[in-house]
Every structure is written in structure tokens, then in C-alpha cells.
Amino acid sequence: MKRLHVMGLVLAAAFCAAQAGAEELTGTLKKINETGTITIGYRDSSIPFSYLDDNQKPVGLAIDICYKIVEAVKKELKLDKLEVELNPVTSSTRIPLLANGTIDLECGSTTNNPDRSKQVSFTNTHFLTATRFVSKKASKLNSIEDLKGKTVASTSGTNNIKQLTEVNAARNLGINIVPAKEHAESFLLIETDRAVAAVMDDILLASFVAGSKNPDAYVISTEAFYKPEPYGIMLRKDDPAFKKVADEATAALYQSPEGQKLYDKWLMQKIPPKGLNLNVPIGAELKKAFAKPTDSADPDSYKAM
Amino acid sequence: MNYHWNWRIFWEPAPNGTGTYLDMLLSGLLLTIETAICAWIIALICGSIVGVLRTLPSKTASRIGFLYVEFFRNMPLLVQLFLWFFVLPEVLPNAWGLWLKQMPNAPFFTATIGLGLFMSARVAEQLRSGIGSLPRGQKLAATALGLTTAQTYRYVLLPMAFRIVLPPLTSEFLSTVKNTSVAITIGLIELTAQARAMQEFSFQVFEAFTAATVLYLLVNIVVAVAMRFVERGVAIPGYITGK
Amino acid sequence: MFANFDFDVIRRSLSYLFLDGMTFTLTLTGLATVGALVFGTLLALMRLSGSKPLVWFAGIYVDLMRSLPLVLVIFWFYFLVPYIGQWLTGSSRPMRVGAFTSSLVTFIIFEAAYFSEIMRAGIQSISKGQPAAAQALGLTYSQTMRYVVLPQAFRNMLPVLLTQTIVLFQDTSLVYVLSIPDFLGAASKVAQRDGRLVEMYLFAAVVYFAISCIASFGVRRLQARIAFVH
């Protein structure tokens with residue numbers, strides 16, 4: 001360990017000499033420079049943003065975006081080699097693990113909202129999604145009101161379960177909320193009739209339904225728990241230098257034709273492991289957010305004029 | 001350490017609308033205790049039967065007891081809970097499985113039964129060694145007095161054996177309390193789960209886990225003290241535990 | 001009941017389950033056992049040292065760890081270990097600790113409490129004459145412990161230590177709560193991805209059962225042999 005430390009110092013010294021006059025590195029950039037590694041937090045089952053493919057390798061739109069950020073970091077630091085480490089996270093562990101330095105970038109399906117903005121930072125928005133519920137058609141649940149007194153699954157640590165909890169309390173619905181560890185588990189609870197509905201981001205619901213054994217058996221609610229909210233790549237708070245690199249990299253990506261191409265790759269074409277095509281065309285709101293990249297947590301700022 | 005401590009968080013309202021974060025943790029504690037006590041009743045009943053089976057003269061009985069203990073001891077509790085929760089309803093006839101799954105409180109019942117059976121194997125082992133530690137003379141004397149096997153166990157062996165194994169059983173009960181937290185994986189919202197939920201809602205990781213730690217410690221202390229009184233109460237003067 | 005049982009899902013994921021999952025589980029079990037045994041022995045020595053602060057520390061440590069559920073401790077340390085690392089190395093930022101290292105530290109710290117109780121019983125089982133004789137021979141305290149007391153305590157307690165190792169092996173499955181791909185974690189990832197819970201969980205149960213059974217059978221054989229020698 002000590003050896004590594006010394007080596008890091010030597011490396012850092014070498015770089016300092018090379019970049020004479022360059023401003024001193026701080027925060028995550030300094031850490032990456034010293035250790036030569038960057039750690040990406042990924043999710044098990046946030047399809048199509050961050051999930052495991054057939055070889056148990058994390059893939060998805062958010063992962064692709066993160067690799068763009070990694071490239072930008074490598075360029076910024078003028079590194080020849082930048083090791084990328086992958087660390088699994090859940091909705092429940094992602095924020096503490098980012099805060100305690102286990103991961104540097106969280107590439108999953110994390111909603112950027114004002115509450116979280118007090119704890120962490122987000123890069124430019126790469127998707128917009130609202131919290132809805134999925135149920136089996138046969139159970140004829142149309143509105144949130146219909147969930148009254150029923151057992152409903154949601155993933156622990158998400159803003160979905162928070163919104164469900166708040167609606168449950170505010171409207172006095174008496175819903176029995178079962179927290180699951182991962183999105184796949186939440187969906188499984190409804191698939192196996194443990195719960196009558198599962199509450200998640202609508203895009204995740206759509207991908208689970210499409211990937212299920214019998215997609216026609218499910219229906220996603222039209223009623224949403226809240227307005228569509230932005231997804232962002234999560235970064236540590238108060239690290240402006242690192243955020244600047246990430247913001248510039250993502251802005252450049254979204255504004256270039258490559259941004260649209262990446263979007264199409266994961267949302268309009270067949271994706272691994274089952275060759276599913278989600279077929280979700282880019283909406284006007286997201287198109288606007290791609291043209292004018294923003295990290296705003298305010299859902300109203302995304303309205304397409 | 002760049003972490004923002006906020007101990008007042010416990011008195012802030014939780015998003016579930018039923019009160020503060022502290023109330024949330026306490027409701028978790030209550031569920032932990034309820035689950036542990038129900039599981040413990042199952043563990044005591046099944047464990048006693050199996051423990052006795054293992055000491056009976058009949059080879060078949062003792063073999064059944066042995067297989068029972070091995071079955072429940074050689075699989076992680078987490079895997080056992082998964083078997084009860086995810087696998088059992090799927091291999092049962094459809095209607096039964098559906099009934100099981102749609103039971104309200106399914107995580108609670110699954111946790112109670114799964115944990116109860118898991119602990120029963122350990123109770124059985126404790127009881128067996130308790131009975132085994134009794135002097136042979138006791139059993140022989142009982143037989144000589146003309147007691148049947150059932151009577152020997154009921155009036156001679158078990159009253160002594162249970163007193164001997166009271167201290168290890170106390171620690172098995174505390175294990176039961178601790179093991180309820182494994183049921184977090186099947187959606188039981190007990191103390192650890194509430195602490196985790198509090199961390200997720202409030203972002204105050206270490207406060208939430210500190211509170212849970214303190215509550216678990218309190219349970220341990222209360223149980224340990226209470227059991228000491230029980231031990232003293234049932235002790236037989238001049239014999240083993242009643243020095 | 002097994003009509004639509006898909007054995008193929010197990011066969012397809014075998015290499016992931018064993019090469020990744022089981023390797024993780026067994027490495028974690030092995031290293032954690034060694035670490036916990038060393039640390040646990042130290043705690044046991046502290047507890048028997050007669051020095052008040054040491055006895056206190058070891059006593060409180062062991063009681064604290066034994067009062068807490070492993071799941072809670074796993075959460076605690078996954079979030080805390082980087083800060084401890086920062087504190088230990090005097091670094092300006094939390095140390096980056098991977099999932100494996102973090103689990104390893106957690107299990108060593110947690111299981112040491114249990115191993116220490118076993119070693120304490122082992123040390124106390126050595127007759128008082130032995131350390132006395134060692135001291136009469138002019139051995140220092142550490143030599144007495146190293147050459148006379150600990151080897152015997154270890155041998156006497158070997159079956160119990162091995163049984164605790166089997167418990168540790170089973171306990172490692174709890175890292176599931178962090179989505180770390182140990183054997184059970186790997187099985188559950190496949191299970192959830194392919195919607196094959198029944199097959200994967202049954203298979204995991206059989207594997208854990210087989211390994212634990214064989215291991216505890218071995219321990220019983222060993223116990224019988226030790227009993228025979230004595």
C-alpha cells in the first residue's frame with residue numbers, strides 16, 4: 001500500500017513537472033491522477049441504462065456515456081493509461097458509496113432531484129422519466145387510487161419508493177409497500193404475483209414488460225406519481241473541476257450526432273442479452289435537453305416549448 | 001471526514017407520514033421483536049421434539065433427528081428464506097402457491113417459519129447435549145421406578161436438561177433476534193431495513209446505523225438481564241446451575 | 001412439478017457461478033478465517049492478559065460484535081471502511097476500497113469476536129501447570145504462548161474452529177445485500193435476469209448444502225480421531 005502511495009506521489013510529481021504552470025489538481029481528478037484508476041458504479045438491472053449482459057458485463061446507455069467521460073478525464077489529465085474499475089451498486093448503496101470514495105461515477109438510472117442535489121452532483125441530463133406502476137391486465141388496476149390496500153413492490157432507495165410512500169401517506173391509501181433490492185426483483189414480485197403492482201421509472205417498467213415471458217399480460221399506468229424527472233450521471237458534490245470535465249464531455253456528446261446515435265443504439269435498436277427492441281423514440285423534451293445540455297433538477301425546466 | 005452529522009434527524013418527520021424517523025426505527029424494532037418471538041416459539045417446539053428424538057433409544061428416531069438437524073444446519077439462512085419465499089410457492093399446485101403469495105404479511109410469515117425452523121436445528125443440538133450431559137443414573141433410576149419413556153422425559157430428563165441449557169438457549173434466542181435482519185432480503189421491514197430506509201430517505205447513513213446498533217444492544221442487554229433472573233428463579237438449590 | 005424446469009439455465013451459467021461466484025465466496029471464506037483467527041486470538045490473549053484496559057477493550061469489542069446482526073455490520077462497514085482507511089493512512093480523502101476488500105475487512109472484524117471466544121476457551125482448557133512449567137524453563141510470556149499454549153489450544157479447538165469456518169462460509173452469502181457477486185449473488189443475478197428463480201435458488205441450496213455437509217462430515221471424522229488419540 002505504502003509502495004503504491006509513493007509510486008503515486010512520484011507519478012504525480014512527474015505529471016506536475018510535465019504540466020508546469022497547469023493549475024493544481026483537486027478532488028476526484030487529483031485522486032484519478034494519483035491512482036491511475038477511475039471507478040464506475042453500475043447497476044444489475046436498470047435496462048437499458050446500466051445492466052449486466054450475458055457475460056455479466058455492465059452495459060447500457062449510461063455506461064456508454066460514462067466511458068465518454070472517462071475518455072475526457074484521460075485527455076484532461078494527459079494520461080497514457082487509465083484503468084477503469086467496475087463496482088456494483090444498488091439504489092440503496094449508490095449515494096453512500098459515492099460519498100465514501102468507493103466509486104467516482106455512478107452510471108445507472110439515478111433521478112436528479114432537488115433532495116439528492118444537496119448530497120451529490122449530476123452531469124447533464126440524459127433521459128427523462130416519470131414514476132408509474134405496472135400491473136397485470138387481469139387485475140384491472142387503472143389509477144393510483146386502485147392500489148388502495150394492496151401489496152405493491154418498489155425498489156428500496158429509489159425516488160419511486162419515496163413518492164409511493166408519500167402518496168400513500170397523503171391520500172391515506174393503506175398500500176402495503178414491499179421494498180426490493182433491485183429493479184429486477186421488484187418486477188419479479190409482480191410477475192410471480194407476490195405484489196399486484198410494481199412502482200418504478202416508466203422506462204424501466206417498459207423494458208421489464210418487453211423482456212418478460214408474456215409482455216401482453218402487463219399494463220403500465222397512465223397516471224404518474226409525479227412529473228417526468230431527469231436522469232443524470234452522479235458525481236461527488238463540491239468537486240467543480242471534475243464536474244466541469246464531465247459536463248463538457250457529456251454536453252459535447254449530446255450536441256453531436258453521436259448523442260442521438262447512442263440514444264438510438266439503446267432505445268431504438270435491439271439490445272443484449274435477449275435482442276429486445278424498446279422502440280422509445282426520443283421525446284421533444286429530451287431533444288431540447290440534448291440540444292441545450294443542462295443539469296437542472298427542476299422537472300419544469302424540461303418542458304418543450 | 002467530510003460527512004455532515006445531523007443527530008437531530010431522528011426528530012424530523014419521515015416521508016411515510018406516520019411520524020418521525022425515530023418512530024420509523026422503533027416500529028422496525030417492534031417488528032424485529034415480534035418476528036423473533038414467533039420464530040423462537042417455533043424453534044423451541046420443533047427443536048425440543050427433534051432434540052428428544054436424537055436421544056431416544058430407537059435408531060430410526062435418532063436418524064430422523066440427525067437428518068433434520070443436518071438439513072437445516074447446512075444451508076445458509078438466506079438461502080433457506082429464498083427457498084421458502086421464492087421457490088416453495090412455485091412448486092406447489094397453482095392455487096396453493098397463489099394463496100401463499102397473496103397472503104398479506106407474507107414476508108412476516110415466511111421469516112417466522114423459515115427462521116424458526118433454522119433455529120430449531122440449533123435448539124435441538126443444545127437440548128441433545130443437555131440431555132447427554134445428565135448422569136446416566138437418572139434415566140436408569142427412572143426406568144427402575146417403572147416410568148415409561150415418555151414419563152422419564154417429562155418428569156426426569158427434560159426438567160433437568162432445560163435448566164442446564166438455559167444459558168446457551170438465551171444466546172440462541174439472541175441469535176434469533178439478530179437473524180431476523182436476514183429477512184430484509186424478502187421484504188420484511190424490521191429494524192435493519194428501517195435503518196436502511198432512513199438512510200435512503202434522509203441520506204444520514206451513520207446516524208441511522210448508529211441508532212439501529214444502539215437498539216440492538218439494548219435488546220441484548222434487556223434479554224441477558226431478564227434471563228439471568230429466570231435462571232435464578234428456576235435454579236434447583238444444590239444442583240448444577242443453582243450453586 | 002419439474003415439468004417446466006429449465007436445467008439449461010444452470011448449465012449456461014455454470015462458469016459464471018463457479019469461476020466468479022464460488023471463487024469469490026471461497027477466497028473470502030479462506031482469507032476471512034485466517035484473518036479472524038489471528039485477530040480473534042489476539043483478542044483472546046488481551047482478554048486473559050490481566051491488564052485492565054486490554055481486558056475491557058477485548059470484552060466490549062467481543063460483546064458488541066456478538067450483539068449485532070451481521071447484515072447491519074455489513075452495511076456499516078461497506079460505508080465506513082473507506083473512512084477508516086483515510087483515518088489510518090492520514091490521507092486527505094476516503095480510501096478507495098473495493099467490494100472484496102471491504103467484505104473481507106467486515107468478516108474479519110465480525111468473525112474475530114466469535115473466533116476469540118473459541119480461542120479463549122481453548123487457552124483456558126490448557127492446564128495451569130503448562131505455562132508454569134514453561135516459565136520455570138525461562139520462556140518469556142510471548143514464547144510461552146507461541147510455543148506451548150497456543151499450539152495446544154489451537155489443536156484442542158480445531159473441530160470447533162472448523163465448524164465456525166463452515167458457519168462463516170454460509171454467512172458470506174449475506175454480501176448478497178450489497179449486490180456483490182458471491183456465489184449466491186451470482187445465482188440471484190442470473191435468476192432475476194432470466195426469471196428462473198426456482199432453478200437457480202434450488203441449485204444454490206444444493207451446492208451450499210453439499211459443501212457444508214462434506215465439510216461437517218470431515219470435521220466429525222477429525223473429532224473422532226482426536227478423541228481417539230487422547
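**Entry 1: strand β1 of chain A**

I began with a parallel pairing in chain A: β1(A) runs alongside strand β5 (residues 83–88) and shares six bridges with β5(A). I noted that this is a predicted model. For a marker on that pairing I took G41(A), which stands opposite N87(A) in β5(A).

I then looked for a further partner of β1(A). Strand β6 (residues 105–111) of chain A also pairs with β1(A) in the parallel sense, over two bridges. Here I40(A) stands opposite L105(A) of β6(A).

Next I asked how many residues of β1(A) are buried. I found six of the six in strand β1 (residues 37–42), so β1(A) is largely enclosed by the rest of the structure. I used the cut-off for buried, which is under 20% relative accessible area.

I also checked which way the residues point. T37(A), T39(A) and G41(A) go one way from β1(A). I38(A), I40(A) and Y42(A) go the other way, and all of these residues are buried. I set this beside the usual rule: in a regular strand, side chains alternate between the two faces of the sheet.

**Entry 2: the open sheet of chain A**

I moved on to another sheet in chain A. Three strands make up an open sheet in the order β2-β3-β4, with antiparallel pairing. Which strands sit at the edges? I found β2 (45–46) and β4 (58–59) of chain A there, each pairing on one side only.

I followed one of the pairings in detail. β2(A) meets strand β3 (residues 50–52) of chain A through two bridges, in the antiparallel sense. S45(A) is the residue I marked, standing opposite Y51(A) in β3(A). As a reminder to myself, strands of a sheet pair through backbone hydrogen bonds, either parallel or antiparallel.

**Entry 3: chain C by itself**

I turned to chain C and counted its elements. Chain C has eight helices and zero strands. Read from the N terminus on, the order is α-α-α-α-α-α-α-α.

I checked the dimensions along the principal axes. The C-alpha atoms of chain C fill a box of roughly 70 × 55 × 25 Å. Chain C has 230 residues, and 52% of them count as buried.

I also looked at how far apart in sequence the contacting residues lie. Among contacts in chain C with a separation of 6 or more, 75% join residues 24 or more positions apart.

**Entry 4: where chain C meets chain B**

I looked up the contact between chain C and chain B last. It draws 33 residues from chain C and 34 residues from chain B. The two chains bury about 3100 Å² between them, and 77% of that is on carbon and sulfur atoms. Which residues of chain C lose the most area to chain B? I read off W76(C), Y83(C) and Y201(C), together 17% of what that side buries.

I searched for charged pairs across the interface and found one salt bridge. The side chains of R220(C) and E70(B) form a salt bridge at 3.5 Å, N to O. I also found six residue pairs in polar contact across this interface, both residues at pLDDT 80 or more.

I sorted the chain C side by helix. α2 (52–67), α3 (70–89) and α8 (197–229) each supply at least two residues. α8(C) gives the most, with eleven residues. By class, I logged 25 nonpolar, six polar and two charged residues on the side of chain C that touches chain B.

Definitions and conventions. Residues numbered from 1 in each chain as written. Chains lettered and ligands numbered in written order. Heavy atoms only, no water. Contact = heavy atoms within 4.5 Å. Buried area = accessible area lost by both parts, 1.4 Å probe. Salt bridge = Lys/Arg side-chain N within 4 Å of Asp/Glu carboxyl O. Polar contact = N/O pair within 3.5 Å; in protein donor to acceptor, adjacent residues only side chain to side chain. Helix = DSSP H or I, 4+ residues; strand = E, 2+ residues; numbered from the N terminus. Nonpolar A, V, L, I, M, F, W, Y, C, P; charged D, E, K, R; others polar. Pairing = 2+ DSSP bridges. Buried < 20%, exposed > 50% of the residue type's maximum accessible area, 1.4 Å probe, protein only.
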